[in-house]
Amino acid sequence: MRPDEGNPVDQRDDNAGGFGMTPERPAAGHGARAPEPLTIRLRAAMAAARYHGVELDLKTFQAEPNEASPSPATLVRWLDDQGMVARGMHLKWRYLVRMHNTPPIVLMFKDGSAGLFISAEPNRGIVWLRDPMAGESEPMIAVDELRLSQVWTGDVLLVRRARSESEAETPVDVRWLSRVVMRERKSLRDIMLASMVLSVLTILPALIMMQVLNKVIGEHSVATLFSITMILVVISFYETLLTYARRELVLVMTARIDSRISIHAFNRLLALPLEYFERQQAGNVIGRVMAIYKVRDFMTGGLLRTFLDMFTLVLILPFLFFLSSTLAWMVLAAAGAIGLIVVIFMGPVAYYVGRVTGAETDRGSVLYESIAGIRTLKTLALEPARRQEWDEKTAEVTRWKLAAGRMSNWPQTIIMPIEMFISRGIMLVGAYLALEDTTGTGSVTAGSLVAFMMLGGRVAQPLVGFARLLEDFTEVRSSLGEVGSVLNQPTETRALTTGMRPKILGALSFLDVDFSYPGSPNKALDAVNFEIPAGTSLGVVGRSGSGKSTITRLLQGVSRNYTGYLKLDGVDMREINLNHLRRSFGVVLQDNFLFRGTIRDNITAGRPGLTLDDVVRAARLAGAEEFIERMPAGYETFIEEGSTNISGGQKQRLAIARALISDPKLLILDEATSALDPESEALVNANLARMAKGRTMVIVSHRLSSLVDCDLILVMEQGKVNDIAPHNVLVERCAIYRQLWLQQNRHMNAERNAGPAPMLAEGD
Ligand SMILES: Nc1ncnc2c1ncn2[C@@H]1O[C@H](COP(=O)(O)OP(=O)(O)OP(=O)(O)O)[C@@H](O)[C@H]1O
Ligand SMILES: [Mg+2]
């Protein structure tokens, strides 16, 4: 690939100061600055972002520990956080050299630095690079394959601007759909062109047929027949080719529209706040989101087909008038009548179709719930009850389906004679006209009648199709409404993409925090005030329903409509970027969801840049190492759906490892050990102290014995802070805590009975 004209290339390269060839890197044309590889990569990423009009702030970059220069994965995370879309890839020279007209690409160099790929000249076998540390006015450097291979790892970073927030925020509605389609206008134009040519090609055979009937048969001309045959063959050939091309175009376009719709829908779904899902039945949400596929089918099926048919119509119609205006008017009138009937019945049919969709969604919920809760269902022998519910819902679906079918049977029945008229009646009328027409004006001949018959159907079809389309459209609008009722809820996108990204240490303070759940008259948190420095392990105790989990929810930013202030390292939580916040947190709940996949995948949970060493370290800290190693495939053991092949305690420890692996500055354990057997619990508890090193921990637990060693224990009572102090202080002065403590330690209570301390504190 390397051209022999490499010499001038090399020279220019040398002029620029050995681009990225040596770790010391004499700075190109600049002062005697010798920047670290770390900054070079960041600068390269910044330059790539600047091209897209985004100015990145170097200060927001947080280097990964034990990474001398940022890996592509780290850079991707940084850029993603800053509202860019970045992707790391491994590229071969032969692909790189063919990339022109691309935005700048960051090339990763072996010494930890980077270069900016600007453009390429494949025929000269060179690529043009720019030194990220040099200004934009500095000349670019040409590099050929050999030179590049000496420095380049083959990794690249593609950077582009994230779809603007407004686009991600676009509600799912008709306007959005039309915009999705309009983005394909280039393909649409090509498809339209192909369709027009195809329409012309379909007219020709009819025309020829007319000639055959009129001339060949009328005048016994074999020569004409021969040439007509040749023309027909050629036309058929082109028609086949064009049809193939059009189908291909349609396929690509519909695939693109399809994926755009799916991606947008899922993005919006994931951007919905957790609170929304808590309020909704999962089955119902699924059913309604799935309605988007009806919309998709409409867009890429009926709509497109009718749209293309319309072109045929526009082209063929004048031709029909040319053949016989009387017959053409008749066809139009008949098609118009059909359209009218369809439109008249549209409303009632749409009503029934809407009821069918609703009933199907309801039934879907039953199915979803039965499968999700199959364990409970089976163990409690609830099958008959569920079956009855299913039967009822099915009956409902059937009822509405039948009604909808009956309703749409009417227009179809009324339309039928008109359709028959178009296909058969026209022929009779035409024949009559031909008989009448013996005077020789020649307006309707046998040939033109046959030609008319061949094309007439093609006119009626799109007209009827158009009316049907209106009918479909009402259905699609109702589907779109269903989808929109889920996806157009307010999302967290703004909080996820904007806000500060401070370095999190873990000091927490609650200032007069009041919170009640939506729709609930009672305050779940009532003037909560407390403060803990970074690195504290905080136990939270209190009766059931006292607001312990609510505190952890506010910390995670699940619920944000509280009053008062919640500060993290002195910064108002509401101003912190939600993604950043959640990434700096680890959370383990009482019941955690493990995904289908290996143990290792579950612990890394798809976070980039984690090695097996990290996994092992996290597992050890969580007390999971010992059982994982006893498993036949170790870290590669596959966890089945619903984690059926591991025990509850094992699952819990994996969840803890998963939370620990990213070394969160704040770890929240909400009843994380409640489901563990005493032995596993002891294992986890023994590790708690080690886990707590270097981070703030919030541990909610009913078992006070696991909280004894916490720096501070917060006692909640009916949404209020009752007390906060270390264990031995609380035992002395907090009545609620002491009561809980005594309840759980009756055996010790007996021994201590003689001790006066608890009794003394009673009056506090
Ligand atoms: N999603 C919700 N919607 C409405 N009210 C809720 C919701 N979650 C909790 N609550 C109410 O808020 C109050 C505090 O609940 P919270 O879950 O914080 O209690 P808890 O101390 O964690 O209890 P437990 O020890 O049983 O887990 C309770 O009165 C509860 O009924
Ligand atoms: Mg709770």
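**Entry 1: helix H11**

I began with helix H11, residues 282–290, and looked up which of its residues are buried. In this predicted model, I found four names to record: Gly283, Val285, Gly287 and Arg288. I then asked which helices the buried residues of H11 pack against. The partners are helix H10 (274–279), helix H13 (325–372) and helix H16 (446–487).

**Entry 2: the chain as a whole**

I next turned to the overall content of the chain, which holds 28 helices and 18 strands. For its extent, I noted that the C-alpha atoms fill a box of roughly 130 × 85 × 50 Å along the principal axes. The radius of gyration of the chain is 36 Å, whereas a compact globule of 764 residues would have one near 27 Å. I also looked up burial, and 34% of the 764 residues count as buried. As for contacts between residues at least 6 apart in sequence, 77% of them join residues at least 24 apart.

**Entry 3: the surroundings of ligand 1**

Which residues lie around ligand 1? I listed Glu278, Tyr517, Ser520, Ala524 and Gly542, followed by Ser544, Gly545, Ser546, Gly547, Lys548, Ser549 and Thr550. By class, I recorded 8 polar, 2 nonpolar and 2 charged residues in this shell. I then checked which element gives the largest share of the shell, and found helix H18 (residues 548–556), with 3 residues.

**Entry 4: the sheet of four strands**

I followed an open sheet of 4 strands, whose order is S8-S7-S10-S11 and whose pairing is antiparallel. Why is one side of S8 and of S11 left without a neighbour in the sheet? Strand S8 (525–532) and strand S11 (571–572) stand at the edges with a single partner strand each, so one side of each has no neighbour there.

I then went through the pairs that involve strand S7 (residues 508–515). S7 and S8 pair in the antiparallel sense over 5 bridges, and Val513 stands opposite Val528 in S8. Helix H18 packs on this sheet, where it touches S7, S8 and strand S10 (563–568). I noted that the direction of H18 makes about 115° with that of S7. H18 is also the helix I had recorded in the shell around ligand 1.

S7 is joined to S10 by 5 bridges as well, and these two strands run antiparallel. In this pair, I found Leu511 opposite Tyr565 in S10.

**Entry 5: the sheet of six strands**

My last search concerned an open sheet of 6 strands with mixed pairing, in the order S12-S15-S16-S9-S17-S18. Its edges are strand S12 (585–588) and strand S18 (720–725); each has a single partner strand, so one side of each is left without a neighbour in the sheet. From one strand to the next, the twist averages 15°.

How do strand S15 and strand S16 run, parallel or antiparallel? Strand S15 (residues 666–670) and strand S16 (residues 696–700) run parallel and are joined by 5 bridges. Within this pair, I noted Asp670 opposite Val700 in S16.

Finally, I looked up the helix that lies across S12 and S15, and found helix H23 (residues 648–660). H23 runs at about 170° to S12.

Methods:
Residues are numbered from 1 along each chain as its sequence is written. Chains are lettered from A and ligands numbered from 1 in the order in which they are written. This is a predicted model: local features need pLDDT of at least 70, side-chain atom pairs count only at pLDDT 80 or more; totals for chains, interfaces and linings use all residues. The radius of gyration is taken over C-alpha atoms; the globule rule is 2.2 Å times the number of residues to the power 0.38. A residue is buried if 20 or more other C-beta atoms lie within 10 Å of its own, exposed if 12 or fewer, and partly exposed in between; C-beta atoms are placed from the backbone. Two residues are in contact if their C-beta atoms, placed from the backbone, lie within 7 Å. A residue is near a molecule or strand if its C-beta atom, placed from the backbone, lies within 6 Å of it. Ala, Val, Leu, Ile, Met, Phe, Trp, Tyr, Cys and Pro count as nonpolar, Asp, Glu, Lys and Arg as charged, and the others, Gly among them, as polar. Two strands pair if DSSP finds at least two bridges between them. Axes are lines fitted to C-alpha atoms, for helices over the stretch in contact, and angles run from 0 to 180 degrees between N-to-C directions.
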